[in-house]
Amino acid sequence: MKLLDGKSLADQLMDDIRERAEQLKPVLGVILVGENPASLSYVKNKKTACERAGVEYREFRYPDTMTQEELLKKIDELNADEEVNGFIVQLPLPDHIEVPQVIRAIDPKKDVDGFHAYNLGKMFLSPEFEDLPPATPLGIVKLLDHYDIPIQGQEVVVVGHSNHVGKPISTMMLNRNATVTTCHIYTKDLAEHTRCADILIVAVGKINLITTDMVKEGVVIADVGINRREDGTLCGDVDFEEVSKKASYISPVPGGVGPMTVAALILNTVRATERQKSANDG
Ligand code: NAD
């Protein structure tokens, strides 16, 4: 078994970006509402990655009493701010704020999380139109590509069908000519599908959802799930200890898809900046 080492690939990608970033001077904005502990840790990782890549990081923090109207106003302001090339609104948001309204308000050209319907819709056309894909799926594709894992013609099984992970990674795998099965909470017999997978991508949020009897020998696994055990340590959705004995490649949690998601956000920020600058030149 080999590890899909997202941490070292992410670091390498950030170092590779530096030279380009020195010319482009990209600026990433991050809006954070409230003090959700997971969100605080995610934005910290994003800030660290920006520093490594030479991307300017601007954080806008608000209390969880911020109203939806105030948040939409801030989004309008960043949409119009020529200095900010891309920005994200860190999720989750407090319950009184409607996430779809917030995502819809972001200018698609600056939507570096890739959550806007415009960017998601473009992805359906072909890989050439994956301009700003959602960061986690982009990170997974970069990880598989780095380890030269073939995708075309492979049986890819995705577990989870959320709008920002399961559905877009299924689309990106289809764009690369895999045979894709997307499973979810209503799938009748999950193991029947996962056992067929050459590549298994799991994005659910349930400890030990995937056990060794559910995979075939030699499977490649990208474990997206982030769960906290009772002792406070993090783990994915796959029973790593047992399943890794059968897998040819498997991503660890932490240190797999997580850092690649952050790296992909920075790649999207650089891409958005390039597109904005070339539009201005032309
Ligand atoms: P979500 O809650 O939006 O969706 C969960 C999905 O799992 C749904 O499609 C649901 O149908 C499916 N599901 C639930 N129970 C199931 C079961 N028993 N069998 C099969 N499918 C089942 O989740 P999300 O936002 O896509 O995130 C999924 C997990 O990935 C979470 O643990 C989240 O923290 C993690 N995540 C990690 C990263 C990263 O960078 N590593 C990024 C995003 C999300």
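**Exercise 1. State which helix supplies the largest share of the lining of the second largest pocket, then give the pocket's volume and the classes of its lining.**

Step 1. Helix α10 gives the largest share of this lining, 7 residues. Helices here are DSSP runs (H or I, at least four residues), numbered from the N terminus. The model is predicted: local features need pLDDT of at least 70, side-chain atom pairs pLDDT 80 or more, while totals for chains, interfaces and linings use all residues. Residues are numbered from 1 along each chain as its sequence is written, and side-chain values use heavy atoms, with hydrogens and water left out.

Step 2. α3 (68-80), α5 (117-123) and α10 each supply at least two lining residues.

Step 3. The volume is about 390 Å³. A pocket is an open set of points on a 1 Å grid over the protein atoms alone, with a 1.4 Å probe and protein on both sides within 12 Å along at least five of seven lines; lining residues have an atom within 4 Å of a point. Volume is the space filled by probe spheres set on the points.

Step 4. Of 22 lining residues, K109, K110, A272, R275 and Q276 lie nearest the centre. The lining divides into 7 nonpolar, 6 polar and 9 charged residues.

**Exercise 2. Find the polar contacts of the ligand with H161, I185 and V224.**

Step 1. Apply the cut-off: a pair of N or O atoms within 3.5 Å.

Step 2. A polar side-chain atom of H161 sits 2.5 Å from a ligand oxygen. For I185, a backbone N or O atom is 3.0 Å from a ligand oxygen. A polar backbone atom of V224 lies 3.3 Å from a ligand nitrogen.

Step 3. The shell has 9 nonpolar, 10 polar and no charged residues.

Key: Polar contact = N/O pair within 3.5 Å; in protein donor to acceptor, adjacent residues only side chain to side chain. Nonpolar A, V, L, I, M, F, W, Y, C, P; charged D, E, K, R; others polar.
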